[in-house]
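Please keep the structure open in your viewer and follow the stops below in order, selecting each residue as it is named.

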Amino acid sequence: DVDTESRLAVYPFRSPVVYRETVFTPRSEVYGNKWRVIKDRENFDNVYSTVENGKIRLAAGTDKDISVKRSDLPLTRESDGFFGTKKRMKRGYAIEVSNLSGVSKKLSITDRVPVAADDRISIENAAVNGKKLSPSKDGKLEIITEIAAGGTVKYEVTFELVADKDMDVVF
């Protein structure tokens, strides 16, 4: 027996599907990443695990009562000025989450902002709904939200891509 934590999680940059995840710390080393999960009266075979910070995460089952939509925000490019050497491009996306059920639900939303492999490009001024944030080194950001029964929440994630004026940037 191990202590487990259950949560609803979505990864909009990959898929709008809301997963029921179980997270636990194993007592000993675990070999392999394929599991069979039994929760209440449901059986899930061939569940693949991910390991993060020594914890095993299993996504077994989905929640169809939560709808998630991710859309890009309109692109803008700020003026460089005649003498400027850098260009600033404002980018972002919106995440809209609706709870279609009759009970409130807590949801973990994990998404990303771009990460530059070239040191001549930087990501600045990352924000969620206007509130500045510091994403992890790999660009991951996490929002934990409570959605009322029948309610909808919307998050706008914005950031600025800063690069040399003459550089073509594609992402």
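Begin by selecting Asp-65, which at 35% relative accessibility counts as partly exposed, a term that covers the range between buried (under 20% relative accessible area) and exposed (over 50%), calculated with a 1.4 Å probe on protein chains only. Before going further, note that this is a predicted model, in which local features need pLDDT of at least 70 and side-chain atom pairs count only at pLDDT 80 or more, while totals for chains, interfaces and linings use all residues. Residues are numbered from 1 along each chain as its sequence is written, and side-chain values use heavy atoms, with hydrogens and water left out.

Now add Lys-105 to the selection: Asp-65 and Lys-105 form a salt bridge, with their closest N and O atoms 3.6 Å apart. The two residues sit in distant parts of the chain, 40 residues apart, with Asp-65 in the loop between β5 (55–62) and β6 (66–72) and Lys-105 in strand β9 (residues 105–112). The term salt bridge is used here for a side-chain nitrogen of Lys or Arg within 4 Å of a carboxyl oxygen of Asp or Glu, and strands are DSSP runs (E, at least two residues), numbered from the N terminus, as are helices (H or I, at least four). Unlike the partly exposed Asp-65, Lys-105 is buried, with a relative accessible area of 13%.

Next, select Arg-20 and Glu-42, whose side chains meet in a salt bridge at 2.9 Å, N to O. Arg-20 belongs to strand β2 (residues 15–24) and Glu-42 to strand β4 (residues 42–52), so this pair ties together parts that are 22 residues apart in sequence. Arg-20 counts as partly exposed at 24% relative accessibility, and Glu-42 also counts as partly exposed, at 36%.

Move on to Arg-57 and Glu-52, a salt bridge in which the closest N and O atoms are 3.9 Å apart. Here Arg-57 counts as buried at 15% relative accessibility, whereas Glu-52 counts as partly exposed at 35%. To see what surrounds this pair, extend the selection to Arg-7, Glu-21, Lys-140 and Glu-142, which are linked with Glu-52 and Arg-57 in a network of salt bridges. How many salt bridges are there by this rule? The count comes to 14.

For the last stop, turn to the backbone and select Asn-46, in strand β4, which has a positive phi of about 60° although it is not a glycine. Then select Asn-53, another residue other than glycine with a positive phi, near 55°; Asn-53 is found in the loop between β4 and β5 and counts as exposed at 75% relative accessibility.
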